[in-house]
Amino acid sequence: MQKEKLDCTWWELSNETLAVGVKTWAVDLGVTTALLDLDDTLCDTSALFWNAIEDYWRNMERITGGKQRLAFEECVKWWKGVFAGMREVFVVHPSITDYTAYVIAKEYGVRLGSRDLVEALEQLQIDIYYTEPTIYEDVDRTLRIFKQAGLDSRVGTIALEPWTWRKLKVIDRFSEEEVCCFEVTEPKQGQWVKGLRKFGVAGHECVIVGDNYEEDIVPMLELGARRGYWVAHGREERRLMLGVIRIEEFKDLLPAILSQSQWDWRSSLV
Ligand SMILES: [Mg+2]
């Protein structure tokens with residue numbers, strides 16, 4: 001659903017007015033909390049990886065004296081492929097980043113103890129960890145409106161705390177109690193169980209918003225979430241579980257919610 005396709009007058013209403021629409025929707029649905037994934041839902045984390053992998057790939061090219069054995073796309077494929085059985089997308093964990101980089105280095109025939117390789121790895125970590133991610137359009141406005149509507153926003157993310165807070169600092173809207181970091185080794189549903197416990201909320205009081213269908217949407221729906229908003233980023237069509245709504249980008253979330261709200265926005269114009 002695109003914002004552009006919706007009635008502009010409707011969209012141009014004030015945050016206060018739109019919050020009434022969100023509140024109506026939340027009360028009808030019986031939810032108090034929006035659970036939000038962070039990486040590639042609120043901010044563009046994949047871009048950090050693409051850039052870092054490109055640097056790493058260039059370093060590999062330099063280290064191997066230009067005798068490149070992997071095209072960049074191949075390198076990315078390797079990056080994703082090493083953990084394909086375990087995780088669907090890029091994983092944000094230093095040990096996994098190191099391990100994946102070593103596997104790729106091996107493919108290049110670079111000795112694991114090579115100082116150049118260590119430097120390339122350090123550079124890769126620096127690129128990923130110290131670059132501020134781009135926050136997606138309308139994240140701030142949506143979170144503001146949720147707050148005004150009395151809907152709690154909580155973040156669950158598979159990443160270490162220090163890096164999570166580096167990214168969240170850019171958004172600057174969350175306190176420690178509102179964020180739960182999951183270990184990459186935790187089973188999919190266990191992650192969100194941990195989140196619900198920390199936030200003191202039941203699954204049926206939540207909606208889930210995330211880009212990872214298997215790890216955000218499915219487990220939370222199984223835990224009772226009333227709606228799942230899958231941020232698809234143009235991914236292939238798939239059969240969706242009952243209660244799941246596909247949106248392309250985060251900016252489509254508010255229109256998707258408001259279009260389901262029983263609230264009559266026209267009444268707020270008079
Ligand atoms: Mg994600």
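Trainee: Does Asp 40 count as buried or exposed, and how many C-beta neighbours has Asp 40 inside 10 Å?

Mentor: The model is predicted, so to speak of local features we need pLDDT of at least 70, and side-chain atom pairs count only at pLDDT 80 or more, while totals for chains, interfaces and linings use all residues. Residues are numbered from 1 along each chain as its sequence is written. A residue is buried if 20 or more other C-beta atoms, placed from the backbone, lie within 10 Å of its own, exposed if 12 or fewer, and partly exposed in between. Asp 40 has 21 such neighbours inside 10 Å, so Asp 40 counts as buried.

Trainee: Where is Asp 40 found, and what is its phi?

Mentor: Asp 40 is in the loop between β1 (33-37) and α3 (45-63). Its phi is near 65°, a positive value in a residue other than glycine. Helices and strands here are DSSP runs, numbered from the N terminus: H or I with at least four residues for helices, E with at least two for strands.

Trainee: Which residue in the loop between β5 (227-231) and β6 (244-247) can I look at next?

Mentor: Try His 233, which sits in that loop. His 233 is not a glycine, yet has a positive phi of about 45°. With 14 C-beta neighbours inside 10 Å, His 233 counts as partly exposed.

Trainee: How many helices and strands are there in the protein?

Mentor: The protein has 11 helices and six strands. Of its 270 residues, 35% count as buried.

Trainee: How do I read a single helix, say α6 (residues 115-130)?

Mentor: Begin with its span, where the expected value is 1.5 Å times one less than the number of residues. Helix α6 has 16 residues and reaches 22 Å from its first C-alpha to its last, close to the 22 Å expected. Then look at burial: Leu 117, Ala 120, Leu 124 and Ile 128 are buried in α6. Seen down the axis, the buried residues of α6 fall within an arc of 65° (taken over the directions from the helix axis to the C-beta atoms), so they line one face of the helix. On the other side of α6, the exposed residues are Arg 115, Val 118, Glu 119, Glu 122, Ile 126 and Tyr 130.

Trainee: How many C-beta neighbours has Arg 115 inside 10 Å?

Mentor: Arg 115 has 9, so it counts as exposed. Arg 115 and Ile 63 are 52 residues apart in sequence and 9.8 Å apart in space, C-alpha to C-alpha.

Trainee: How are two packed helices described?

Mentor: By the angle between their axes and the distance between the axes. Here the axes are lines fitted to C-alpha atoms over the stretch in contact, with angles from 0 to 180 degrees between N-to-C directions. The axes of α2 (residues 15-29) and α7 (residues 139-148) come within 8 Å and cross at roughly 65°.

Trainee: Which residues of α2 and α7 make the contact?

Mentor: Two residues are in contact if their C-beta atoms, placed from the backbone, lie within 7 Å. From α2 come Asn 15, Glu 16, Leu 18, Ala 19 and Val 22, and from α7 come Arg 141, Arg 144, Ile 145, Phe 146 and Gln 148.

Trainee: What covers the buried residues of α2?

Mentor: The cover includes α7 and α11. In α2, the buried residues are Leu 18, Val 20, Gly 21, Val 22, Trp 25 and Ala 26. Just after α2, Gly 30 takes a positive phi of about 75°.
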